[in-house]
Structure formats: structure tokens, C-alpha cells
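Opening the notebook on this one today. I want to go through the sheets, then the cores, and jot down what I find.

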Amino acid sequence: MTLASTDASQLKVEKLAARLGAQVEGVRLSGDLEPEVFEELYRLLLRHKVLFFRGQHHLTNEEQERFSRRFGEPVAHPTVPVKEGTGFILELDSEKGDRANSWHTDVTFQAAYPKISILRGVVIPETGGDTVWADTHAAYNSLPEPLKRLAESLWAVHSNDYDYVNQRYVVSEAGRRHFEEVFTSTLYETEHPVVHVHPETGEPHLLLGHFVKRFVGFNTADSRDLFQLFQRHVTQLENTVRWRWRAGDVVVWDNRATQHYAINDYGDQKRIVHRVTIAGDIPLPAGGGERRSVTRELGKKRNP
């Protein structure tokens, strides 16, 4: 199907799970999508939170960036350099230790963390390497009313200087070294509300993931207990959708409404994906009050 013949009525949408995730067929992703087609894709994204597209082999790095710009202004990762020759693409290469096998929302250690991520499969292992997404609105809705009120009163400190080793079931030396030398080359901390209101849907969402270091006003032990209490509501299987990658696939997700986990179950096989993230806003607390998240730059990582 060519761009010229594509209109919104030709999109085929298949839900992949009850609470989030839909596969979309009948579209060739491009920076030149017709406005009505893109508007329908954006509406579907807000509804399903994660959109999956098979067979987008025509996309180059440049065209992925052009398509991504339709969602807003791309932003580079604050510590990891972009892929050489690109403006904003973050290359995640398993051989360099880029295995994000821990539940997280992208870059929440920044005040205005990305609102949308666009990920393209470049080299995909024959077995393993799936990614799972979780619905953080469904997680909030599953809380008993007393826990909802507690969550709405809490603020959490997010940092890229988190406990890397204990957040993962499989730890490689390359991953640990990449984390210390690149990912935490400059340290950041940001306070976010544990429950925020999505600026476009109005839905309340839990804002957690592995970047949470502690809760404001709580000691380390109590912070750990609170985190486990709320995080397990996010990652219960009923709230998730899982994707088996093929080379040329593209996944677009609402980073304000989800967490995700790239499963490190493919051993020594090579896995490369390219990601572009879109600038977001400081989250609005669900419990009332103004946006007040401020990122503190703590300086360089000091390794022993």
C-alpha cells in the first residue's frame, strides 16, 4: 500500500490485550503521512497506549526521525550519546551492554521526561528478546481506595544513579560497565508525584519504575516497602502486553501511561533497536497542586 492510497479508513486495528496494546496494519510509516492518518494513529495511541507496526523495513534512521517529529520535538538522552550520523537516535546494542531488563518509564530522572517513545527493531535475535509493557492507569485503578489516597499524597525521588545490579535478574559485566561509565556519567535527581494526571486523557497514572530511589520523607527501608507495594500493581500480568519482535517492526508507546521491560533471555545473540523520544511536560499531581518537579544535576559519577 502506498502513501498516496492510504487513508484513515484503511487502517486495520487489532487489540492485543484487554487493557493496552494494539497492532495496526495498512500504513507505511513516514514523515509524510497524511494529516488525517496521523491524527487517527495519535488517537489510537492515546486509547491503546502502545501501538505495534510490522514490516516497516523501509525506515532508515533519517526517516525514523522524520516520522518521530510528527509527535513533537525529539530529545536526546541526557547522558548517552546519540548514534553517530543521527540527530536524536539512541542505539541500544546488546553487545555493548544495552539490556534494559528492568521495569521502567523512560528517563523519569528528568523533570519533563519524554511523552512518547518510538522504537525500531534493527537486529533481532531468533529467540527471545521480547518487550513487555504495563498500563499504569489500570494499575492505579486496581488500588483499594485507601491506597489510592496514600499514593496521591506521595512524591518519589527518581535518579539515574539507582541500584543497577539488584534491579536485574541477569547482569553482565558489559552492562555494569556501560551503566557506570556512560549512563551515570552525570547524575540527576528529580522529584515526581507518585500519581500524575495524563495531560491529554485526564487519566490518573502511577509514576514509578526502576529510577525511583526513595520516597520524600521516608527512610530507605520504608521507601523500599512502599515501592514494592505500588510497583507490583503495575506489573501484574493482567496489566501487560507482550511483543515478539521481528526486524523492521516499530513500536510507539505513550511514556506517560506505561512502563516497559525488555526481556534479557536471548543469551549471546545480537539485539539492536533504535529509539527516538519526544519531549514531554512536567507531570501534574493527581492530588492537586502545581507542577513542581525540578531536576538537580549532582555532578559526575565517582567510582571507587
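Entry 1, the open sheet. I looked up the strand order in this predicted model and got β11-β10-β17, an open sheet of three strands with antiparallel pairing. The edges are β11 (204–206) and β17 (284–285); each has a single partner strand, so one side of each is left without a neighbour in the sheet. Next I checked how β10 and β11 are joined. β10 covers residues 195–197, and three bridges link it to β11 in the antiparallel sense. Across that pairing, I find H196 opposite H205 of β11.

Entry 2, β8 and β9. I moved on to another antiparallel pair: β8 (residues 155–159) is joined to β9 by five bridges. For S159, I noted E189 as the bridge partner in β9. Then I asked myself how many residues of β9 (residues 186–193) are buried. The count is eight of eight, so I have the strand down as mostly covered, going by the under-20% cut-off for buried. I also sorted its residues by direction: T186, Y188, T190 and H192 point one way, while L187, E189, E191 and P193 point the other way. Both sets are buried.

Entry 3, E189. I wanted a closer look at this residue of β9. Is E189 buried or exposed? Its relative accessibility is 8%, so I file E189 as buried. What does its side chain pair with? I found a polar contact of 3.5 Å to the side chain of R214. Leaving out residues up to four places away in sequence, I listed what E189 touches: F109, V157, H158, S159, K213, R214, V294, T295, R296 and L298.

Entry 4, the cores. I pulled up the largest nonpolar core and got 24 residues, with F53, F71 and V252 having the most contacts inside it. At least two residues of this core come from each of β2 (22–25), α1 (35–48), β3 (50–53), β6 (116–123), β14 (250–254) and β16 (272–278). Which element gives the most? That is α1, with six residues. Apart from this core I noted another one, of 23 residues, including Y140, A151, V195 and F227.

Entry 5, V252. I went back to V252, one of the residues with the most contacts inside the largest core, and listed its partners. Setting aside neighbours within four places in sequence, V252 is in contact with L45, K49, V50, L51, F53, F67, F71, I116, S117 and I118.

Methods: Residues numbered from 1 in each chain as written. Predicted model: local features only at pLDDT ≥ 70, side-chain atom pairs only at ≥ 80, totals over all residues. Heavy atoms only, no water. Core = buried A, V, L, I, M, F, W, Y, C linked by side-chain atoms within 4.5 Å. Buried < 20%, exposed > 50% of the residue type's maximum accessible area, 1.4 Å probe, protein only. Helix = DSSP H or I, 4+ residues; strand = E, 2+ residues; numbered from the N terminus. Contact = heavy atoms within 4.5 Å. Pairing = 2+ DSSP bridges. Polar contact = N/O pair within 3.5 Å; in protein donor to acceptor, adjacent residues only side chain to side chain.
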